[in-house]
Amino acid sequence: MKTKKLTFPNAKGQQLAAKMYLPLDENPRYFALFAHCFTCSKNLKAVSTISDTLSQLGIAVLSFDFTGLGNSEGDFSASGFSSNVSDLVYASRFLEEHYEAPKLMIGHSLGGAAVVFAAAQLDTIEALVTIGAPSSPEHVKHLFSDELDEIEEKGKAKVNIGGRPFELSQEFVKDLESQNLQEVLHAMRKALLILHSPQDLIVEISNAAELYQAAHHPKSFVSLNGADHLLSDPEESSYAAEVISAWSKKYLPTFRSENDVKGHQVKVRLAGDNYTTEVLTPFHHLIADEPESVGGKNLGPTPYDLLMASLGTCTAMTLKMYSERKGWNWEEVVVYLNHEKVHQEDSAGVGKNKGGKISKFTRWIEIRAKELTQEMKEKALEIADKCPVHKTLHEPIEVETKIKDAES
C-alpha cells in the first residue's frame, strides 16, 4: 500500500491529520472520502484495511481524524456532530483543490450519519456508503447514558468511551438531538449502499432498515453477516471494500485509460510494513504476497506462484491454439504445477551446477474431451514443451538491474 500523510484546515483553520491511499499507478478510478466512527481515528484497523483494499482496486481514498481526535488539532469537547460534517465538507474542498473532487463518501458508524449530511451539501458526491450506521445521530447517546443527567445539570461531564476519557458538553448532546438524518436522506437523490451486520451489538440492524426505508432508489443493502461493529476481522473489512468497489462500478462508471507503467512492460511496487506487493501491467492489476507464516498477509499469490502461473497459462494457451488448428474438440485444458529445489543429480535436466540444487517444475496436463486418443496425449506433451514461457525458462537468461530515480 502507498499512503501519503497530509494535513488540511478545518473551518476554524485548525490542521486535521489525514492519510491518502493511492492506487499503484496513482491514476485512480475516482477519489473517495472515509469518515471514521465516533471517537475513533483514521488509524482504526477497519479504516486502514478498507482504504488499503480500495486503493488496490483502483480507488484513491482520503481518511482523516475529525477535529480533536487522533493527530488532528482542536478540542474534541468543543466539537460536535455538526463539526464532523463541516470537517467532511472541508476535506472534500481540499481534495478538489489539490487532487480531484471526490465522488464517493464512506462512513462508519456515526461517520455514516455524517457522510449523509455532508453529501447533501456537496454536488460532487454522487454516491455514498454507510457501514454500521445509526438511523439517528443521537443514537450514540447510549454510550454515555449514565452521564446524561450530569451533563444536563452541570453543562458538561467526563465520560469514558472505549476505555478513553472524553469531556462532553450539553451543546454536544443538543447538537446530536437536533439532527434529522432520515429527513435529509429522504430528500437526497444519490446512490446509497448500506452495509450492516445482523450481529452488530452497538448499532442494531433495525437502524439499517430505517435508513433503507427513508432513502430513495437507487439504494442497496448488503449484510455483513458475522461481523462485529468495528469490523475487527480484517477479512470482513476487505470484503466490505470489495463490495463497495464492485457496487460503485454501477453508479460511478469511469473510463480507464491504459495503465501508466512509465514506459515499461510491468511495474511492481511494495510499500508499507508487510510484503503485500502490487503488480501493474498496461491493462491489468494484480496482488502478490507471502503467507502469514513468514510475515505476509496472504492477500495474493507468492512470487513463485506467479512464476508457475505464467508457465501454466502459457502451456494451456499453447495447447488450446494447437488443438484448434488440428480441429480437435477439446472442452477444457487444466494444468497443475509444483516447484521444488532438487539436487542436480536427481534431475533429468543438464546443467553446470554439478552437485548443487536447481529449480524443478513438475507439470501435469489434464485434457477433457469427448475423444482423446493416445496420439493426442503424446502430441500435447510435445507441444507443451514448445510454449514460449517454457522455452524462455530453458534459454540462457540475463537479468540486468538498474537504479531508477524516484519521481517526486
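Which strands does helix H8 lie across, and at about what angle does helix H8 run to E9?

## Helix H8 and the strands beneath the question

This is a predicted model. Helix H8 spans residues 234-251. It lies across four named strands: E5 (104-108), E6 (127-131), E9 and E10. Its direction is at about 165° to E9.

## The sheet

Those strands belong to an open sheet of 8 strands. The order is E1-E2-E4-E3-E5-E6-E9-E10. Pairing in this sheet is mixed. Strand E1 (2-9) and strand E10 (219-223) stand at the edges. Each has a single partner strand, so one side of each is left without a neighbour in the sheet. From one strand to the next, the twist averages 20°.

Strands of a sheet pair through backbone hydrogen bonds, in either a parallel or an antiparallel sense. For E9 (residues 191-196) and E10, the sense is parallel, over 5 bridges. One residue pair can be named here: His-196 has Ser-223 in E10 as its bridge partner.

## The largest cavity

The structure holds 2 cavities of 30 Å³ or more. The largest contains about 70 Å³ of space. Its lining consists of 13 residues. Nearest its centre lie Phe-38, Phe-66, Phe-76, Asn-84 and Leu-110.

Helix H2 (81-98) and helix H3 (110-119) each supply at least two residues of this lining. By class, the lining has 8 nonpolar and 5 polar residues. No charged residues take part.

## The second largest cavity

The second largest cavity has a volume of about 30 Å³. Its lining includes Ile-131, Gly-132, Leu-195, His-196, Ser-197 and Asp-200. Leu-224, Asp-228, His-229 and Leu-231 also line it. His-196 thus appears in this lining, and its bridge partner in E10 is Ser-223.

By class, this lining has 4 nonpolar and 4 polar residues. The other 2 are charged.

## Ser-51 in helix H1

Helix H1 covers residues 45-56, and Ser-51 lies in it. Is Ser-51 buried or exposed? Ser-51 has a relative accessible area of 0%, and buried means under 20%, so Ser-51 is buried.

Which residues does Ser-51 contact, leaving aside its neighbours within four places in sequence? The contacts are with Tyr-21, Phe-34, Val-61 and Ser-63.

Notes:
Residues numbered from 1 in each chain as written. Predicted model: local features only at pLDDT ≥ 70, side-chain atom pairs only at ≥ 80, totals over all residues. Heavy atoms only, no water. Buried < 20%, exposed > 50% of the residue type's maximum accessible area, 1.4 Å probe, protein only. Contact = heavy atoms within 4.5 Å. Pairing = 2+ DSSP bridges. Axes fitted to C-alpha atoms, helices over the stretch in contact; angles between N-to-C directions. 1 Å grid on protein atoms, 1.4 Å probe; cavity = no way out; pocket = protein on both sides within 12 Å on 5 of 7 lines; lining within 4 Å. Points joined across faces, edges and corners; volume = space filled by probe spheres on them. Nonpolar A, V, L, I, M, F, W, Y, C, P; charged D, E, K, R; others polar.
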